Amino acid sequence: MLSYVSKDRAKPVTPALNTSALNTETSDNGEVNRLHHIPRPTDKEDEREWLLAQMAGAFRIFAKMGFADGSSGHISVRDPIEPHTFWINPYGVHFGLLTISDMVRVDEQGNRVSGVTKITGELRPVNTAGFIIHSAIHQRRPDIHAVCHMHSPYGRAWSTFGRGIDMLNQDSCMFYDDLSVYRAFGGVAFAKEEGQLIADALGPKHKNLIMQNHGLLTAGGTVAEAAAFFIALERACQTQLLVQSAIAPGSIGASEGMLKALVDDEVAYYTKQKTGSPEAMYMQFEPEYELIVEETRGDFLD
C-alpha cells in the first residue's frame, strides 16, 4: 500500500503464489467480508502528517474533478496531537495549488495555532463560514475527524430540492441510513447559530449531509473516508438528476411509462455495510490518491 507521507514510488512486491488473490474472505458463519484495512500510524506525529497528506491530496483531486469554486469550499481535519484544534485550508488559495505546509491550524475559538501559507509566505486567514461550520461539527461529533464541504455542480443542483437521494443503485446504497438533509438555509454561515443548526441536522450518527440551496457536506474518521464519501455523493446526485430528467412529465421515459426501480431496504442495508464502511471508503479514495501522486510527482507533500 502506498505511503501517504512519501513521494517515493511504491516498491514492487513479490506475490505469494497459491494463495487467494481475492479481496474478500469467508468467515466461519459463511459471511463474506472485504479485506480492507486503514493503515493509521501509531505515532501521533506520523498520524498528523498522514492526515495532512490525505488533506492536500484530496484538494488536488477535487480541483481535477471540477469542485473548486473560487474561494469557496473547505476540508478540515482534527489534529491527533491536540484534538481540540483542527487544520483547515487558507482562504483564497486554489485547491490545485495547496500543499501540506499551506494548511492552517485553529482552535475552537478561531485563533491561529500554526500555519503560514507557503505560496505567499503570508499569514493567510481562513474562511469564516468554513470555520463556523467545521468547528461546530468537530465539537459536536468527537467520532468525526475530517469534514469536506464543496460547492460541486451536481450536489449544488440537487440540494435545491431539499431532499435525500433514492436507493437507485449499488453506489447510492453507500448512503443508506447515513444521509441527512438540512432545509433551513440561512445564508452565508457568518453566525455561530448557523453552524450549530447544521451540526443539529447532521445528527448523532450520520456522516453525510445535503444542505438545501447550498451543497454537500461529508465527514469521516479520516480525510480519505470523508473525501471518498464526497465524490460518491456528488455522483449520486448526478445520477439522481439524470433519472429524474428521464422520467419527468413530457419526457420519452414518462410517455413510455418508465418507473424507478429502487433497491429495497434489506439489500440497501447489506450493500451499505459492504461498500460504505470506513474501511471501504478509505479504499475508494486510495486509487485517486495514488493517481494524483503520480500526476503531480507528489509536489503537494511539501
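Let's start at alanine 199. Leaving aside neighbours within four places in sequence, alanine 199 is in contact with Ala136, Ile137 and Arg140. Keep in mind that this is a predicted model. Alanine 199 sits in helix α4, which covers residues 192-202. Is alanine 199 buried or exposed? Its relative accessible area is 3%. Buried means under 20%, so alanine 199 counts as buried.

Now find leucine 209. Alanine 199 and leucine 209 are 10 residues apart in sequence. In space, their C-alpha atoms are 9.6 Å apart.

Let's zoom out to the whole chain. The protein chain has 302 residues, and 48% of them count as buried. How many helices and strands are there? There are 8 helices and 10 strands. Now take the contacts with a separation of 6 or more. Of those, 67% join residues 24 or more positions apart. The chain exposes about 14700 Å². Carbon and sulfur atoms supply 54% of that area.

Next, the inside. The largest nonpolar core holds 54 residues. Which of them touch the most other members? They are Met55, Phe62, Ile75 and Ile165. Several elements give two or more residues to this core: α1 (44-64), β3 (74-78), β7 (146-150), α5 (223-246) and α8 (278-296). Helix α5 gives the most, with 12 residues. There is another core, apart from this one. That other core has 14 residues, among them Ile133, Ile144, Leu202 and Leu209. So leucine 209, our partner from the start, belongs to a core described by buried nonpolar residues joined through side-chain atoms.

Stay with phenylalanine 62 for a moment. What does phenylalanine 62 contact, leaving aside neighbours within four places in sequence? The list is Phe67, Ala68, Ile75, Phe95, Cys148, Met150, Ala227, Phe230 and Ile231. Ile75, on that list, is also one of the residues that touch the most other core members.

From phenylalanine 62, go to serine 152. The two are 90 residues apart in sequence. Yet their C-alpha atoms are 9.1 Å apart in space. Serine 152 lies in the loop between β7 and α3. Is serine 152 buried or exposed? Its relative accessible area is 1%, so serine 152 is buried. Not counting residues up to four places away, serine 152 touches Phe67, Leu216, Phe230 and Glu234. Look back at phenylalanine 62: Phe67 and Phe230 are among its contacts too.

Now, empty space. Rolling a probe the size of a water molecule over the atoms shows where empty space is left. How many cavities of 30 Å³ or more turn up? The count is 1. The largest cavity has a volume of about 60 Å³. Its lining includes Gly70, Ser71, Ser72, Gly73 and His74. Asn89, Pro90, Tyr91, Gly92 and Val93 line the cavity as well. Phe95 and Asn127 complete the lining. By class, that lining has 4 nonpolar residues, 8 polar residues and no charged residues. And Phe95 is a name you have heard: phenylalanine 62 contacts it.

On to the largest pocket. About 210 Å³ of space lies in it. Which elements give two or more residues to its lining? They are α5 and α8. Helix α5 supplies the largest share, 6 residues. The lining includes Ala228, Ile231, Ala232, Arg235, Ala236 and Thr239. Also lining the pocket are Asn169, Asp171, Ser172, Met174, Gln284 and Glu288. By class, there are 5 nonpolar, 4 polar and 3 charged residues. Ile231 lines this pocket, and Ile231 is in contact with phenylalanine 62.

Last stop: two backbone angles. Aspartate 177 has a phi near 55 degrees, a positive value in a residue other than glycine. Where is aspartate 177? Look in the loop between α3 (153-159) and β8 (180-182). Its relative accessibility is 51%, so aspartate 177 counts as exposed. The cut-off for exposed is over 50%.

Asparagine 213 has a positive phi too, near 60 degrees, and is likewise a residue other than glycine. Asparagine 213 is found in the loop between β9 (208-211) and β10 (215-220). At 46% relative accessibility, asparagine 213 counts as partly exposed.

Notes: Residues numbered from 1 in each chain as written. Predicted model: local features only at pLDDT ≥ 70, side-chain atom pairs only at ≥ 80, totals over all residues. Heavy atoms only, no water. Core = buried A, V, L, I, M, F, W, Y, C linked by side-chain atoms within 4.5 Å. Buried < 20%, exposed > 50% of the residue type's maximum accessible area, 1.4 Å probe, protein only. Helix = DSSP H or I, 4+ residues; strand = E, 2+ residues; numbered from the N terminus. Contact = heavy atoms within 4.5 Å. 1 Å grid on protein atoms, 1.4 Å probe; cavity = no way out; pocket = protein on both sides within 12 Å on 5 of 7 lines; lining within 4 Å. Points joined across faces, edges and corners; volume = space filled by probe spheres on them. Nonpolar A, V, L, I, M, F, W, Y, C, P; charged D, E, K, R; others polar. Areas by Shrake-Rupley, 256 points an atom, 1.4 Å probe, with all protein chains shown as cover.
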